[in-house]
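Reader: Hello! Could you take me on a close look at one helix packing in this protein, and then show me how it fits with what surrounds it? I'd enjoy one connected account.

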Amino acid sequence: MRKFSALFAFGVCAALLLPTLPADAFGLRIGPFHLGLPLGWHHRHRHLYMHATPHEMARSEPSRSEGSRSDRAEMRRATAPAALSPALIYPSLALPVIFQNVFWPNASQWPFGYQNIFTTAFAKIPGDQDQRQCQQTFDANAMVNRISNEVSPTPEQMPLLQKLGGALGRASGYLARACPREIPAQPVARLQMMQSQIQALAAAIDIVRQPLADFTQSLTADQQSRFNGLPPTQTTVQEQNQAGNLIHGCGDSATAIDWSIDQINQSVQPTDAQRDDLAEIKRTFNAAASDLDSHCPASAPATALGRLETIQARLDAAWRTVLSMQVALANFETKLSDQQKSRFDTMNLASR
């Protein structure tokens with residue numbers, strides 16, 4: 001257990017978070033997404049919500065074989081280990097990179113995709129809270145100083161910048177306090193916890209929205225140009241992909257869904273009577289992945305406020321996806337025998 005904890009905390013998280021460019025290390029990409037969450041405890045400027053949206057899709061029977069054994073083995077090697085996302089368990093890990101991409105965006109991957117969600121739900125993770133992942137690692141003062149150096153705010157603008165810095169600090173503190181006390185081992189319970197963690201992350205980001213809007217509004221045109229960065233240039237799709245302006249992997253969830261259904265099929269070994277239930281899971285997963293893909297960006301928005309709002313909305317899509325998967329798998333598990341439930345609950349995709 002200790003060996004795996006060290007591997008998870010240092011091997012996975014460090015690989016994601018410690019290279020020279022934090023955004024590249026974490027793997028975050030930004031896109032045009034619109035948020036909502038069901039909190040409503042602060043910020044009157046808009047209604048916060050998170051809810052599942054219905055998707056009408058044709059029922060499709062999952063294939064009993066997704067290709068040869070070698071194909072499935074290759075799919076597992078290429079999919080499961082790399083898809084584990086510690087940020088779904090400890091969202092504090094995501095916050096420094098999210099704000100890095102709000103103010104100084106660069107190319108990196110989004111860690112709350114379909115594959116990340118499914119694999120992290122079924123990964124073997126220590127159940128006790130890892131205090132190292134709950135600590136505040138975000139330096140709001142350093143970010144404010146960098147903004148100040150780039151924008152050169154007037155004395156009248158400094159209080160608004162200080163309020164923005166205070167909001168950044170509160171967001172970090174909020175997530176540190178929202179750190180989970182324990183990590184459920186059972187996949188459906190894990191998904192429920194991940195859902196609450198995504199909601200907490202979205203709420204933390206929303207703390208910054210109004211102070212950011214107020215500070216941006218106070219800037220002159222020249223200051224806004226420096227604050228928001230250079231506008232994107234007209235490039236070809238190939239150049240955008242090379243520059244990281246497009247989301248890598250958007251729209252290619254079909255392979256990951258086939259892989260995930262194959263893992264459930266192999267572990268549970270459903271009876272013929274349960275095949276329709278597995279087909280329903282695949283239909284739900286396809287609808288959820290379609291929702292995620294619909295929020296993939298063509299490029300990063302031109303303003304810091306726009307980038308923050310797009311990140312919020314993509315988190316909303318991730319929240320809906322986790323909810324859909326949780327409900328579908330919970331319903332499926334009620335149809336399983338005790339032996340099947342045991343195999344289902346002990347799937348460990350990240351180790352394959």
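Author: Happy to! Let's start with H8 and H13, whose axes lie 9 Å apart and meet at an angle of about 165°. Angles over 145 degrees count as roughly antiparallel, and H8 and H13 are therefore roughly antiparallel to each other. As for handedness, H8 and H13 make a left-handed crossing. Please keep in mind throughout that this is a predicted model.

H13 has another partner worth your time, namely H5. Here the axes of H5 and H13 are 10 Å apart, and the packing angle is about 45°. That angle makes the pair a case for the oblique class, so H5 and H13 are described as oblique to each other. The crossing of H5 over H13 is right-handed, whereas that of H8 and H13 is left-handed. If you want to see the side of H5 that takes part, pick out Tyr 114, Ile 117 and Phe 118. Across from them, H13 offers Ala 318, Thr 321, Val 322 and Met 325.

Now to what these helices share. H5 (114-121), H8 (187-218) and H13 (304-333) are among the helices that each supply at least two residues of the largest nonpolar core. That core has 79 residues. Other contributors include H4 (95-103), H6 (140-151), H7 (158-177), H11 (253-268) and H12 (275-294). H8 gives the most, with 14 residues. The members that touch the most other members are Phe 99, Phe 103, Ile 147, Leu 168 and Phe 285. In soluble globular proteins, nonpolar side chains tend to be buried together.

Leu 168 is a nice residue on which to center your viewer. Leaving aside residues up to four places away in sequence, Leu 168 touches Phe 99, Phe 103, Phe 138, Ala 140, Met 143, Val 144 and Val 208. Two of these neighbors, Phe 99 and Phe 103, are themselves on the list of core residues that touch the most other members.

Moving out to the loops, two residues may catch your eye in a backbone check. Ser 152 has phi near 55°, a positive value in a residue other than glycine. Ser 152 sits in the loop between H6 and H7, and with a relative accessible area of 46% it is partly exposed. Gln 269 likewise has phi near 55° and is not glycine. Its place is in the loop between H11 and H12, and at 52% relative accessible area Gln 269 is exposed, because the cut-off for that class is over 50%.

Gln 269 also leads us to the helix H14 (residues 338-345), where Arg 343 lies. Along the chain, Arg 343 and Gln 269 are 74 residues apart, yet their C-alpha atoms are separated by 9.1 Å. Arg 343 touches Ser 267, Val 268 and Gln 269, again not counting residues up to four places away in sequence. With 29% relative accessibility, Arg 343 counts as partly exposed.

Finally, here is the whole protein as a backdrop. Its secondary structure comes to 14 helices and zero strands. Of the 352 residues, 51% are buried. Among contacts between residues at least 6 apart in sequence, 86% join residues at least 24 apart. The accessible surface comes to about 16,100 Å², and carbon and sulfur atoms account for 51% of that surface.

Technical notes. Residues numbered from 1 in each chain as written. Predicted model: local features only at pLDDT ≥ 70, side-chain atom pairs only at ≥ 80, totals over all residues. Heavy atoms only, no water. Core = buried A, V, L, I, M, F, W, Y, C linked by side-chain atoms within 4.5 Å. Buried < 20%, exposed > 50% of the residue type's maximum accessible area, 1.4 Å probe, protein only. Helix = DSSP H or I, 4+ residues; strand = E, 2+ residues; numbered from the N terminus. Contact = heavy atoms within 4.5 Å. Areas by Shrake-Rupley, 256 points an atom, 1.4 Å probe, with all protein chains shown as cover. Axes fitted to C-alpha atoms, helices over the stretch in contact; angles between N-to-C directions. Parallel < 35°, antiparallel > 145°, perpendicular 65-115°, else oblique. Left-handed = near helix turned anticlockwise from the far one by under 90°.
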